[in-house]
Amino acid sequence: ETWFELACMTCQCLGDILLIPYYYLCGEEKPSLRYISNEVNDRILARCPSLSSFHPTCWLQNPFIAWSVMLFREQFWSYTYKREFLTAPDGGKVALDWFSEEEEEENHDDDDDDEKKGPQPDLPEDAPIMLIVSTLAGGPMSYPNCKPLSFFAQKGYRSVCYVKRGCGIQ
């Protein structure tokens with residue numbers, strides 16, 4: 001990066017910081033919706049006031065600031081999971097990371113002893129399963145995957161994140 005590009009980014013960040021009061025007071029936006037107008041869609045639209053107007057977070061308008069905040073918050077995330085490896089028919093490995101609220105070290109082993117206990121042992125056997133198939137984020141350690149895993153675990157679901165080949169599998 002050149003000094004000019006760095007100066008432009010700095011000025012943009014400072015400008016966005018100075019505009020926080022404006023974004024807070026006048027930052028409401030009207031989303032552009034494209035849908036087929038029928039009875040079901042009109043009923044859904046009537047029950048979702050967030051679809052008629054949207055007020056974005058006033059202090060995260062700048063993508064550089066939002067990214068920095070996300071990296072800062074990531075330093076304080078703490079959760080555990082139990083990793084279960086699956087071998088595909090072609091020999092490749094994928095993993096399932098079962099979310100756990102227990103205070104234990106992350107388990108990356110294939111130990112059969114842990115299989116008996118299983119993830120979230122206090123849940124009934126017929127508890128629903130929340131499966132998150134990660135996209136660009138790759139695995140359960142990213143914020144877009146970690147938050148829903150935690151949320152649904154608190155609601156009584158067995159929360160699991162599918163980890164694709166090459167994304168966090170050791």
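**Exercise 1. Two strands side by side**

Find how strand S2 and strand S4 run relative to each other, parallel or antiparallel, and how many bridges join them.

*Solution.* Step 1: locate strand S2 at residues 93-100 and strand S4 at residues 158-163. Step 2: follow their directions in this predicted model; the two strands run antiparallel, and four bridges join them. Step 3: pick one bridge as an example; Leu96 has Tyr162 in S4 as its bridge partner. As background, strands of a sheet pair through backbone hydrogen bonds, either parallel or antiparallel.

**Exercise 2. The whole sheet**

Work out in which order the four strands of the open sheet are arranged, and which strands are the edge strands.

*Solution.* Step 1: reading across the open sheet gives the order S1-S2-S4-S3, with mixed pairing. Step 2: look for strands that pair on one side only; these are strand S1 (80-87) and strand S3 (129-133), the edge strands. Step 3: for the twist, neighbouring strands of this sheet are turned by 25° against each other on average, direction ignored. Step 4: add the helix; H6, made of residues 143-154, lies across S2, S3 and S4 and runs at about 155° to S4.

**Exercise 3. A residue in strand S2**

Decide whether Ala95 is buried or exposed, and find how far its C-alpha atom is from that of Cys161.

*Solution.* Step 1: place Ala95 in strand S2. Step 2: check its accessibility; Ala95 has a relative value of 0%, so it counts as buried. Step 3: turn to Cys161, which is 66 residues from Ala95 along the chain, while 8.3 Å separates the two C-alpha atoms.

**Exercise 4. Salt bridges**

How many salt bridges does the structure hold, and which residue forms one with Asp97?

*Solution.* Step 1: the count is two salt bridges. Step 2: Asp97 forms a salt bridge with Arg83, and their closest N and O atoms are 2.7 Å apart. Step 3: because Asp97 belongs to strand S2 and Arg83 to strand S1, this pair ties together parts that are 14 residues apart in sequence. Step 4: both partners turn out to be buried, Asp97 at 1% relative accessibility and Arg83 with a relative accessible area of 4%. Step 5: now take the salt bridge between the side chains of Arg43 and Glu39, at 3.8 Å from N to O. These two residues are separated by about one helical turn because they are four residues apart in helix H3 (residues 39-47). Arg43 counts as partly exposed at 39%, whereas Glu39, at 62%, is exposed.

**Exercise 5. Aromatic rings**

Find how many aromatic pairs there are, and describe the geometry of Tyr22 with Tyr23 and of Phe151 with Phe152.

*Solution.* Step 1: the count comes to three aromatic pairs. Step 2: the rings of Tyr22 and Tyr23 are tilted, with 6.0 Å from centre to centre and 55° between the planes. Tyr22 is partly exposed at 48%, but Tyr23 is buried at 18%. Step 3: Phe151 and Phe152 make an edge-to-face pair, with 5.2 Å between centres and 90° between the planes. Phe151 is partly exposed at 43%, and Phe152 is partly exposed at 22%. Step 4: bring in Tyr157, which forms one aromatic cluster with Phe151 and Phe152. Step 5: finish with a ring that meets a charge; the charged end of Lys93 sits over the ring of Phe85, 5.1 Å from the ring centre.

Methods: Residues are numbered from 1 along each chain as its sequence is written. This is a predicted model: local features need pLDDT of at least 70, side-chain atom pairs count only at pLDDT 80 or more; totals for chains, interfaces and linings use all residues. Side-chain values use heavy atoms; hydrogens and water are left out. Two strands pair if DSSP finds at least two bridges between them. Axes are lines fitted to C-alpha atoms, for helices over the stretch in contact, and angles run from 0 to 180 degrees between N-to-C directions. Contact means heavy atoms within 4.5 Å. Rings of Phe, Tyr and Trp (its six-membered ring) pair if their centres lie within 6.5 Å; planes under 30 degrees apart count as stacked, over 60 as edge-to-face and the rest as tilted. Buried means under 20% relative accessible area, exposed over 50%, partly exposed in between (1.4 Å probe, protein chains only). A charge sits over a ring if NZ of Lys or CZ of Arg is within 6 Å of the ring centre and within 35 degrees of the ring normal. A salt bridge is a side-chain nitrogen of Lys or Arg within 4 Å of a carboxyl oxygen of Asp or Glu.
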